[in-house]
Amino acid sequence: MEWVSGVGGAGRGARGCEPRAAAGGRGEILPDGIARWWGEHRGRAPFFLVPSREDATELTLALASRDGPLLGAAVAGTFDDLASLLLGGRVRPLGEVAREAVVRWAAAPTLAAPDGVLGRLGSFPAGLAGLLEEMEASGLGGEQIGRVLAAWEALAPESDVRRLAQELRVIYQRYAMLCADRSWHGTASTLRAAALRAQGAVEAEEPEREVASIHAAAPLIHAPGPAVWARPILCVGFLTFTPVQRLLLDALSRRTTVTLEPSWTGSPNGGQAPVRLLQSAGRRGEMETVAAEVVELMRAGMEAADIALVARSAGPWRKVAKEVFSVYGIPLRVDASFRFRETGLGSALLSAVGAMLRGETRALIGWFRGRYSQAHPQALRGRELERWRGIVSWPADPAARGVLAELFPQDMALLQGCVETDGGGAPRLRPAGVVDLARSMVAVSVCRLPLMHPMVAEDARALQALESGLAEVEETDGGGMDSAGGGAAWTGAAALLDILADAALWPAPHVAGGVTLQSAGRLRLRPYRAVFVLGLVDQEFPAGDQSSGLLPTSLRRECNRLGGEALFEEPAEDLDARLFQLAVSHGAECVYLSQRVSDDNGNALSPSPFLLSVDAEGGGLSPWRQRTLADVVHPVPLAPSHHEFLRSCAAGNLLPEGEKNISRLVAAARSLHSPACLGDARVIEVLSSRSTFAAGEIEAYARCPFAWFLQSQVGLRAAEEDAGPQDLGLLVHAVMARLYTELGKLELLPLTQASSAAALDCAERVLSEVAAGRAAVASPASRGLLLAQARYRVREHLEREAAAGGAMMTCAVELSLPAQGVELGDGLAVRGRVDRVDVSPSGDGFAVMDYKTGSYVPRKAWAEEGMLQVALYLLALSVLWPQRRPLGGGYLFLGRGQGKGLFVEASAPLAGEGAPWVAVPEEELRRQLEDCRLAALGVAEGIRSGRVGADLASTCPRYCVFGPVCRSRRGSPWGWS
């Protein structure tokens, strides 16, 4: 193969060309090097191999605009297109949903084993499906893959690793057997088949047999066939190749010219474009700093389409970028995949269909309240309204389903059409019914939103993914899998819902005039005028753990070493450096390097080593723009948007001239200081505008709306004795936060019987230091009593935790959720501060603990009792940490020495034998978390509607101090009229 430097559209070669007028001044995708190669080989029907279909389209259009219409064979395409051309288009790979369903069937017996290892790694089934695809991407045949896994199993030094290797070998054998039996194949195996076809190892008329042979134990060998490819190939825009891609290119290079073009060259921009440093605090602050600079560039005449935001991984930036750029009025296109469950349609559909399968009513009530239902519960009147309120209060009532069917017959008919029963009476999905429901939901959503609203396009793509995924499963399943020995259990309802929830979606094609946010590895061929490189913080760019998929890097290297073949991909040591060079080389006129100097809590962050290298090359890199946590608003003349301009004016007590809404805003603000009255429209307006809620606030309202109203809105406080419960709670929380930080530094975590004595000594020291630093109470006697109560609770807790002998490791104390809240679906965003978060030894699971210094221990489930904080924190951290799964946790009632919470059965040993958690199946934990989320949605609706009525059916706890003013005890369900 021939290696040619500086041919492609990335790097210096693209910056020396004339810009194309139709592209608004953007860099040309067809520079002199590519044009010259095209001219030299045009008579031989050359082919451009590019990373994405979008690149192929742009390159084809650029060639057509230069030389006129292109007739005949395609001139540009991806590896999939190349394989299709080589195999005659007669072999179609398994789709993502169908492939994960097949993998689930193959792995079911192994994961059911009680002593299995693979089931504890998480990320199933998508992670396991990706791992099997990665095995095939190694370029090895089925027999070779089996030998490597067998060697790993035999030579691995640890028993758990040997068991893991055995499980992977068994799963792969079942997967390969099924694929060979049904003539199914993945993308990587298709590329290997194309490589064999290019080598002439298989007859041209038998590509299906060729693909099947890849999975078989003994590969099928045919007599050499004739040459099948003679077109020269130019690879443009690739950073690296997988082994099977290299295998295909090597096979083609023996028959024709294959030219490889590097995707970057030299130092950042070769010194041609200015490099500017942006410094900020917090992730949202970083995005606001970038957005403000984008506004300045656009004011100077640069179009949004000429600007790109590049991150190591664009996924974590997707939400905050959309929020900030929406506020700043900048069009944005996010070129990053997302999951079906993360869309509005996906979240609502999965919740409703799952409720129908499980026979639950609470989730259905939440669905009827959402924007995807044809029903309008808020429009009910009279008897219908009373019946609706009845099932909302008692969703467990057996008659609730019948009431819903009478109130909303059309919606319930669609929901019931999603579920059918098999021969054994077990519920299963009816794909046609699910599609009908989804289409109805999209139609309702379109009627309630502007046609050009971003959520309309997102729901449309989610509907398309759902339809294609269900079609894949139906087509692949055929008559079931009994002939393969597994039955049709892999298409069971719950399993299929899980697979659909993890289905990946890509955003709509390029939006004209929008800024692009993308990962460094997905940069397109043509450079941008301005590039912003985000997240230049150590452990983020470069990434801390570069292992991909289900296995960590250490196990990948061990398998490759012991097996004697490169079965698993190992991250290249210089991959991040190459990605950084690729990002900065795409800025034709200016490059912005964005660094967070601190996180959202103000903790200092280490700069990326790439910043230091750029600083050394340039002889000094001073900040171009800075934004700290204290910079809540911009200076008035520099406000980047109308929204920010009004915020700046409000902070400076300035009244903008000609602003019509100022009087309404001022009146609403003043109403907060006037006597609370739920009949006042201004108060209702303020409450209904709430967008985020503190988890503690939600819990307070769920337990008693009237007490929440008196405390939160009226500001009523009960008289409390010196060194009372509030003082004790503040002191204990401060001690526990400081204590676990110190224990972590002393390497005493997790606590054991051997380390308990040292932990108790540390607790005594921390208690003395924290108590000395707090404001003194009135008398020495009260101070002594307060310290004694705190000491008793802290020491008892440490002794119990040491006796439990758990393996969970504390990773954070007093962890603050983002100030803008974490979206939990259906418009519910929560914020707050988590007392303590523990992680499993493998780092793939976490648990949440919340301290209570009182002695009251609830007896009912979390949702029924109104104890929602822990559940909401688990859900929020699941969104912030998608690589980890919630294992459980709960409340620690230090005054009683008890706890109340849940922990996943499979991981219960990690919590310790004496842990105060109830071991439940993972599905039960998910169900209770969903119950709490739905309860929180009801709380948000109640707060926004101004409802503060106490529940007459409940019994007020003894600790409530609002008895004298509680209207519920006077026979009225509402505190105010």
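Which strand does R596 lie in? I looked this up before anything else, and R596 turned out to sit in strand β15, which covers residues 587-598. A reminder to myself: this is a predicted model.

**Entry: R596 and its partners**

I checked whether R596 is buried or exposed. Its relative accessibility is 7%, and buried means under 20%, so R596 counts as buried. Next I went through its side-chain partners. I found a polar contact of 2.8 Å between the side chains of R596 and E286. The side chain of E540 also makes a polar contact with that of R596, at 2.6 Å. I then listed what R596 touches once neighbours within four places in sequence are set aside: S280, G282, R283, E286, W317, G535, V537, E540 and L605. Both polar partners, E286 and E540, appear in that list.

**Entry: two helices that meet**

I turned to helix α30 (residues 725-745) and helix α32 (residues 780-804). Their axes come within 10 Å and cross at roughly 40°. That angle is neither under 35 degrees nor in the 65 to 115 range, so α30 and α32 are oblique to each other. I noted the hand of the crossing too, and it is right-handed. On the α30 side, the residues that meet α32 are D727, L728, L731, V732, V735, M736, L739, Y740 and L743. Their counterparts in α32 are L786, L787, Q789, A790, R793, V794, H797, L798 and E801. I kept a rule of thumb beside this list: residues three or four places apart in an α-helix point the same way, because there are 3.6 residues a turn.

**Entry: helix α8**

How many residues does α8 have? I counted 24, running from 159 to 182. From first C-alpha to last, α8 reaches 35 Å, close to the 34 Å expected. I looked up its buried residues, and among them are V161, L164, L168, I171, Y172, Y175 and C179. The charged residues E167 and R169 are on the buried list as well. Just after α8, S183 takes a positive phi of about 60°.

**Entry: P909**

I found P909 in helix α35, residues 908-911. P909 counts as exposed because its relative accessibility is 63%, and the cut-off is over 50%. I also checked P909 against A807: they are 102 residues apart in sequence, yet 7.9 Å apart in space, C-alpha to C-alpha.

**Entry: the chain as a whole**

To finish, I took the totals. The chain has 36 helices and 25 strands. Of its 977 residues, 50% are buried. Among contacts between residues at least 6 apart in sequence, 75% join residues at least 24 apart.

Key: Residues numbered from 1 in each chain as written. Predicted model: local features only at pLDDT ≥ 70, side-chain atom pairs only at ≥ 80, totals over all residues. Heavy atoms only, no water. Helix = DSSP H or I, 4+ residues; strand = E, 2+ residues; numbered from the N terminus. Expected span 1.5 Å × (residues − 1). Buried < 20%, exposed > 50% of the residue type's maximum accessible area, 1.4 Å probe, protein only. Polar contact = N/O pair within 3.5 Å; in protein donor to acceptor, adjacent residues only side chain to side chain. Contact = heavy atoms within 4.5 Å. Axes fitted to C-alpha atoms, helices over the stretch in contact; angles between N-to-C directions. Parallel < 35°, antiparallel > 145°, perpendicular 65-115°, else oblique. Left-handed = near helix turned anticlockwise from the far one by under 90°.
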